[in-house]
2 protein chains.
Amino acid sequence: MHAFTRLLRAHASTTRLLSAELLEQHGLTINDYETLLVLSHADGQRLKRIELSRQLLLTPSGITRMLEGLETAGLVERQACPTDLRITYAHLTETGAQRLQAASCSHIASIKTLFEEHLDENELASLSKTLDKLPGVTGTHSACG
Amino acid sequence: MHAFTRLLRAHASTTRLLSAELLEQHGLTINDYETLLVLSHADGQRLKRIELSRQLLLTPSGITRMLEGLETAGLVERQACPTDLRITYAHLTETGAQRLQAASCSHIASIKTLFEEHLDENELASLSKTLDKLPGVTGTHSACG
DNA sequence: ACGTTACAGTTGAGACCGCAAGCATTCCCT
DNA sequence: AGGGAATGCTTGCGGTCTCAACTGTAACGT
């Protein structure tokens, strides 16, 4: 039952480290990175904003603000939907894909280092499996290599 | 290696739920709650602000702002240190202890429900043990019962 | 057709938090 | 004893995110 508190703190301590690194080296927030990553695996490298909101567990307003930055940086662009004018797609640009590629390897290496420093292989596998069962946690894959 | 992403999302989804509940029912943030909890287990129900900062993984400025709220609410009070003028203690008041007690049972029940809904006993135990190995994660105990 | 409802997205206000800079106090070294 | 480094704490600023309210579009029922 204390697992939640531990989860909370583990998140806080690991995230700050990784997020600072990502920001300094590639100018991306964790959510920026995750957005590019999710888009890169989507059909046609694009996703409805609302779908993005669901996958990243952000509110629509959070998505609007985050994409603002990615759009002005030219990493993501808006695309209208011809059949439903309410919908706007977020489309990963070529520049965005390259930026993701660049950030991906070093970021993943950092994560790997951070975890492997403290956990062994079995613990990692078991942790991953357990966390998968929690709500809102859907698998994502690496964009590296 | 995707464990980190899962950790991040698991945190986001569970925290928002629990934090909203705590805020609505008892007017406390997660960090407010954790602060009261940590103080309640401390010697003399008090802790140096800097020590609080370390245990809650917040910066000193975060602590200052958070305690502001708890102090005006009368749940925590300032105490000077006679031997070192730099130090200020945060002391849990009687009111604070009661408020913690009130919040604790329902909050813990929520956590328990949330986790048990998705994980079995073994998974919980293993998760807890694994997370303990990550940096910055120190055990805390319930204040309920 | 028309009104109601649901949905996608945006915007303003406000909460929370970290960083950098600053102040006061204490420690340590010579 | 005196000067510099370290420590505890606070404050201004900026970033990120949510919530509530709003606009425009689509779907549905009558």
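In what follows, a residue is near a strand if its C-beta atom, placed from the backbone, lies within 6 Å of it. The model under study is predicted.

**Exercise 1. The surface near DNA strand C**

Task: Determine how many residues lie around DNA strand C, which of them come nearest, and which elements supply them.

Solution.
Step 1. Applying the cut-off gives 21 residues around DNA strand C, and those that come nearest are A:Arg49, A:Ile50, A:Ser61, B:Gly62 and B:Leu85.
Step 2. Two or more residues of this surface are given by each of helix 3 (49-56) of chain A, helix 4 (60-72) of chain A and helix 4 (60-72) of chain B.
Step 3. Helix 4 of chain B makes the largest contribution, with four residues.
Step 4. Sorted by character, the surface near DNA strand C holds eight polar, seven nonpolar and six charged residues.

**Exercise 2. The nonpolar cores**

Task: Identify the residues with the most contacts inside the largest nonpolar core, and trace the elements of chain B that supply this core.

Solution.
Step 1. As a general background, nonpolar side chains tend to be buried together in soluble globular proteins.
Step 2. The largest nonpolar core here comprises 21 residues, and B:Leu36, B:Leu39, B:Val76 and B:Ala90 have the most contacts inside it.
Step 3. At least two residues of this core come from each of helix 2 (30-41), helix 3 (49-56), helix 4, strand 3 (88-92) and helix 5 (94-116) of chain B.
Step 4. Helix 2 of chain B supplies the largest share, five residues.
Step 5. Another core, of 20 residues, lies apart from the largest one; A:Tyr33, A:Leu39, A:Ala90 and A:Ala103 are among its members.
Step 6. Leaving aside residues up to four places away in sequence, B:Leu39 touches B:Gln45, B:Arg46, B:Leu47, B:Val76, B:Ala90 and B:Leu92.

**Exercise 3. The sheet of chain A**

Task: Establish the strand order of the sheet in chain A, explain why strand 1 and strand 2 each have one side without a neighbour, and describe how helix 2 and helix 4 lie across the strands.

Solution.
Step 1. The open sheet consists of three strands in the order 1-3-2, with antiparallel pairing.
Step 2. Strand 1 (46-48) and strand 2 (76-80) stand at the edges with a single partner strand each, so one side of each has no neighbour in the sheet.
Step 3. On average, neighbouring strands of this sheet are turned by 30° against each other, direction ignored.
Step 4. Strand 2 and strand 3 (residues 88-92) of chain A run antiparallel and are joined by five bridges; A:Val76 has A:Leu92 as its bridge partner in strand 3.
Step 5. Helix 2 (residues 30-41) of chain A lies across strand 1, strand 2 and strand 3, at about 95° to strand 3.
Step 6. Helix 4 of chain A lies across strand 2 and strand 3, at about 110° to strand 2.

Note on methods:
Residues are numbered from 1 along each chain as its sequence is written. Chains are lettered from A and ligands numbered from 1 in the order in which they are written. This is a predicted model: local features need pLDDT of at least 70, side-chain atom pairs count only at pLDDT 80 or more; totals for chains, interfaces and linings use all residues. Ala, Val, Leu, Ile, Met, Phe, Trp, Tyr, Cys and Pro count as nonpolar, Asp, Glu, Lys and Arg as charged, and the others, Gly among them, as polar. A nonpolar core is a set of buried Ala, Val, Leu, Ile, Met, Phe, Trp, Tyr and Cys residues joined through C-beta atoms within 7 Å. A residue is buried if 20 or more other C-beta atoms lie within 10 Å of its own, exposed if 12 or fewer, and partly exposed in between; C-beta atoms are placed from the backbone. Two residues are in contact if their C-beta atoms, placed from the backbone, lie within 7 Å. Two strands pair if DSSP finds at least two bridges between them. Axes are lines fitted to C-alpha atoms, for helices over the stretch in contact, and angles run from 0 to 180 degrees between N-to-C directions.
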